[in-house]
Amino acid sequence: MIATARVTKDVADDFVARLHRHHDATIGCRFIVGAWDVTRDKLCGVGVVGRPVARAIDQESVVEVNRCCTDGT
């Protein structure tokens, strides 16, 4: 069973560094959601949500998923 919970930026950065070969950690973020495999008590995915990269988009009312990384679970 998979459950979601907030995780810290340090935990998400470590997860992305271990599993995401072609992207570094994000500079900043608004919030991070983690996906937990409850049966194994293991983090199996993170979604890092932050400001839109394009400056023309409203930076206050729009968010963008900057990283989405899973271990394949």
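How much space lies in the largest pocket? About 230 Å³. Hold on to that figure. I will come back to the pocket after the fold. One caution before we start: this is a predicted model.

Let's take the sheet. Four strands form it, and the sheet is open. The order is β1-β2-β3-β4, with antiparallel pairing. Now look at the edges. β1, residues 2–6, stands at one of them, and β4, residues 64–70, is also an edge strand. Each has a single partner strand, so one side of each is left without a neighbour in the sheet. How are neighbouring strands turned against each other? By 20° on average, direction ignored.

Next, the helix. α1 covers residues 9–19 and packs on the sheet. Which strands does α1 touch? β2, β3 and β4. The direction of α1 makes about 110° with that of β3, the strand at 42–50.

Now the pairings, one by one. β1 and β2 run antiparallel, and five bridges join them. β2 is residues 31–37. Here are two positions to find on screen. R6 has V33 as its bridge partner in β2. T4 has A35 as its partner in that strand. Stay on A35. Looking towards β3, the bridge partner of A35 is G45. So much for A35; back to the strands.

How many bridges join β2 to β3? Seven, and these two strands also run antiparallel. Together β2 and β3 make a hairpin, with four residues between the strands. Look for D41 there: D41 takes a positive phi near 50°.

Back to the pocket, as promised. A word on the approach. Rolling a probe the size of a water molecule over the atoms shows where empty space is left. Which residues line the largest pocket here? One run to pick out is T26, I27, G28, C29 and R30. Another is G50, R51, P52 and V53. R55, Q59 and N66 complete the lining. By character, the lining divides into four nonpolar, five polar and three charged residues.

One lining residue deserves a closer look: G28. Where does G28 lie? In the loop between α1 and β2. Its relative accessibility is 38%. Buried means under 20% and exposed means over 50%, with partly exposed in between. G28 therefore counts as partly exposed. Last, compare sequence and space. G28 and K9 are 19 residues apart in sequence. Their C-alpha atoms are 8.5 Å apart in space.

That's the tour. Thank you.

Technical notes
Residues are numbered from 1 along each chain as its sequence is written. This is a predicted model: local features need pLDDT of at least 70, side-chain atom pairs count only at pLDDT 80 or more; totals for chains, interfaces and linings use all residues. Side-chain values use heavy atoms; hydrogens and water are left out. Two strands pair if DSSP finds at least two bridges between them. Axes are lines fitted to C-alpha atoms, for helices over the stretch in contact, and angles run from 0 to 180 degrees between N-to-C directions. Contact means heavy atoms within 4.5 Å. On a 1 Å grid over the protein atoms alone, a cavity is a set of points where a 1.4 Å probe fits but cannot get out, and a pocket is an open set with protein on both sides within 12 Å along at least five of seven lines; lining residues have an atom within 4 Å of a point. Grid points are joined across faces, edges and corners, and a volume is the space filled by probe spheres set on the points. Ala, Val, Leu, Ile, Met, Phe, Trp, Tyr, Cys and Pro count as nonpolar, Asp, Glu, Lys and Arg as charged, and the others, Gly among them, as polar. Buried means under 20% relative accessible area, exposed over 50%, partly exposed in between (1.4 Å probe, protein chains only).
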